[in-house]
Each structure stands twice: as C-alpha cells, then as structure tokens.
Amino acid sequence: MKKTDQFFKQESMSEKQVRSRTIIAFSVFAILLFIVFISYLWIKNQPKVAGTQKPLRTSLNINEKIFSKIFDSSQLVKEYPKSAAAKKVRVNGYDGLKDTVSEETWRLHIVRKTRDTLKLALADIKKLPKREIVFDFKCIEGWSQVTHWAGVPLKTFMEHYHLEDQASMKYIGLQTPDKEYYVGIDMPSALQSQTLLCYEMNGKPLPVNQGFPLRLIIPVKYGIKHLKRIGTMFFSNNKPADYWAERGYDYYAGH
Ligand SMILES: Nc1nc2c(c(=O)[nH]1)N[C@H]1C(S)=C(S)[C@@H](COP(=O)(O)O)O[C@H]1N2
Ligand SMILES: [Mo]
C-alpha cells in the first residue's frame with residue numbers, strides 16, 4: 001500500500017458520517033441564504049434617503065467620508081501619449097442634450113451670488129491657458145476608454161475670474177442649459193489640476209453629443225460626473241442636486 005492510499009483510508013468516513021455532514025452543510029447553507037434574503041427584504045423596505053435605501057446611503061456616505069479624507073489633490077491620474085487615444089470615442093448619455101445649441105447664443109452662466117451672474121461666451125473661455133489631457137475615461141457601467149481632451153483647467157478659470165470666495169465653498173454645482181442633467185462636485189476634486197472646462201476632443205471642437213460647446217472633464221471621477229453641455233455653474237456649502245445620486249448612485253463617485 002502506498003503512503004497516500006493509507007492516508008485516505010484513515011481519513012475515509014462511514015456512509016452515515018457522510019450523510020450527516022452533508023445534511024449539516026446544506027442546513028448551514030440554507031440558514032445563511034435565509035439570513036441574506038431577510039436582510040435583503042429589510043434593506044429593501046427601509047425608507048429612502050436621497051434616492052436609495054437608508055442603510056445603503058449610510059454606507060455610501062461613510063465611503064465618501066473616508067475617500068474625501070484620503071483624497072490628495074496633488075495626486076495625478078495617469079496620463080497617456082496622444083497616440084494611445086481612441087479615434088472613435090464612445091458616446092454615453094443624452095440627458096440635457098435634446099435642444100439645439102449654437103455657439104453664438106450659448107453662454108456659460110457663473111452664479112457668483114444670488115442675482116450676480118457672469119455670462120461668458122466660448123471665445124472668452126478659449127482665451128485662457130489651454131491644457132490637454134489623455135487619460136482612461138471610466139464609466140460606472142463598466143467600460144473605460146483612453147481619450148484625448150483639451151480646455152482650461154477649472155482652477156485656472158476660477159483664479160482668472162477672481163472666484164476665490166466661491167472656491168472656498170464646499171461644492172460646485174453644474175447643470176445643462178435645460179437643467180435636465182446636473183451634478184455636484186466636491187471642491188477639492190473640482191480644483192484638482194486635471195479638471196478641465198473642456199471644449200476640444202481629439203484636437204477638434206467637441207461633437208454635439210460629446211457636450212458641445214463646453215463640458216466638464218474630471219479625471220478623478222467616474223463618467224457620471226463629466227457633465228456634457230454646461231449651462232450653469234454655481235457654488236454651495238450644501239451638496240448640490242446630482243442626477244445619478246438621486247437614482248441611487250454614489251455621490252462622490254471618485255476612483
Ligand atoms: N449632459 C449630460 N452629460 C453626461 C451624461 C448625460 O446623460 N448627459 N452622461 C454621463 C455619463 S454616465 C458618462 S459615462 C459620460 C460619457 O461621456 P461621452 O459620451 O463623451 O463618452 O458623460 C456623462 N455626462
Ligand atoms: Mo457613465
């Protein structure tokens with residue numbers, strides 16, 4: 001007899017033992033499944049807070065606290081050479097893009113204070129220092145693509161227009177001109193050096209479905225926050241309304 005055979009022989013169980021172990025294993029499995037199911041029902045029936053069940057929202061808020069604490073705005077998202085950028089760029093999400101838009105009539109509305117709104121044309125924004133970025137654009141739906149964008153860093157823009165008081169607030173809110181799509185961004189992420197008010201993709205003006213004339217590019221966040229076709233920008237110490245957070249997604253949406 002080989003050593004291994006002996007080993008198995010010693011370890012082998014009687015049929016009765018096998019049966020009782022099987023019963024135990026299945027019972028434990030059934031009990032765990034039942035606990036999961038009851039927890040699921042419990043969570044499902046909890047009152048909703050900001051678009052999602054309270055226990056889920058609470059854990060998203062805890063995540064947000066941790067991630068905004070460890071967020072370091074000097075830390076940069078990886079950049080790629082232009083040759084790595086996709087020529088055919090994926091289009092995702094058409095909310096707030098249904099009306100026609102023209103460069104002549106479009107204005108960026110910057111609400112400095114109640115009843116104090118700065119209105120800028122695209123030409124004003126193009127005069128400011130331009131920054132290009134090629135990075136891996138990540139959508140929460142599970143796809144990502146290396147893409148090439150250009151515009152003025154939001155931080156540079158804020159400094160140029162002396163929006164210091166506004167920059168000391170906790171959040172920036174952005175809305176499409178028709179207010180159908182809207183996002184809220186924490187100020188440290190908004191002022192990170194790779195965040196752009198973007199008007200070019202692959203060296204050309206933004207295509208309409210990609211946010212012409214101006215969109216947000218914020219590499220530290222998932223795609224949901226890269227609002228296309230900015231109409232209005234405002235500042236607040238309270239969380240601005242956010243389209244996908246209202247539908248149960250994470251508000252912070254960093255990665
Ligand atoms: N106005 C507007 N901006 C939007 C969306 C949208 O539906 N409407 N979708 C967002 C989502 S979920 C993603 S992934 C990106 C996609 O940008 P792209 O179409 O340029 O790939 O845009 C974001 N910005
Ligand atoms: Mo997305």
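Ala, Val, Leu, Ile, Met, Phe, Trp, Tyr, Cys and Pro count as nonpolar, Asp, Glu, Lys and Arg as charged, and the others, Gly among them, as polar. With that in hand, turn to the ligand in this predicted model.

**Around ligand 1**

The shell around ligand 1 divides into 10 nonpolar, six polar and four charged residues. In total, 20 residues surround ligand 1. Arg90, Asn92, Asp95, Arg215 and Lys228 come nearest. Polar backbone atoms also face the ligand, as the table shows.

| Residue (backbone atom) | Ligand 1 atom | Distance |
|---|---|---|
| Asn92, polar | oxygen | 2.8 Å |
| Tyr94, polar | oxygen | 3.4 Å |
| Asp95, polar | nitrogen | 2.7 Å |

On its own, ligand 1 has 540 Å² of accessible area, and the protein covers 97% of that.

**The largest nonpolar core**

In soluble globular proteins, nonpolar side chains tend to be buried together. Here, the largest nonpolar core holds 49 residues. Which of them touch the most other members? Leu108 and Phe157 do. Strand β9, residues 196-201, gives the most to this core, with five residues.

Now take Phe157 by itself. Leave aside its neighbours within four places in sequence. Phe157 is then in contact with Leu108, Ile110, Leu120, Ile125, Leu128, Val152, Leu163, Leu197 and Met233.

**Thr52**

Thr52 is found in strand β2, which covers residues 52-53. Is Thr52 buried or exposed? Its relative accessible area is 7%, so Thr52 is buried, given that buried means under 20%. Beyond its neighbours within four places in sequence, Thr52 is in contact with Pro47, Arg57, Leu60 and Gly248.

How values were computed. Residues are numbered from 1 along each chain as its sequence is written. Chains are lettered from A and ligands numbered from 1 in the order in which they are written. This is a predicted model: local features need pLDDT of at least 70, side-chain atom pairs count only at pLDDT 80 or more; totals for chains, interfaces and linings use all residues. Side-chain values use heavy atoms; hydrogens and water are left out. A nonpolar core is a set of buried Ala, Val, Leu, Ile, Met, Phe, Trp, Tyr and Cys residues joined through side-chain atoms within 4.5 Å. Buried means under 20% relative accessible area, exposed over 50%, partly exposed in between (1.4 Å probe, protein chains only). Helices (H or I, at least four residues) and strands (E, at least two) are DSSP runs, numbered from the N terminus. Contact means heavy atoms within 4.5 Å. A residue is near a molecule or strand if one of its heavy atoms lies within 4 Å of it. A polar contact is a pair of N or O atoms within 3.5 Å; within protein, one must be able to donate a hydrogen and the other to accept it, and residues adjacent in sequence count only if both atoms are side-chain atoms. Accessible areas come from the Shrake-Rupley method with a 1.4 Å probe; for residues, only the protein chains shown count as cover.
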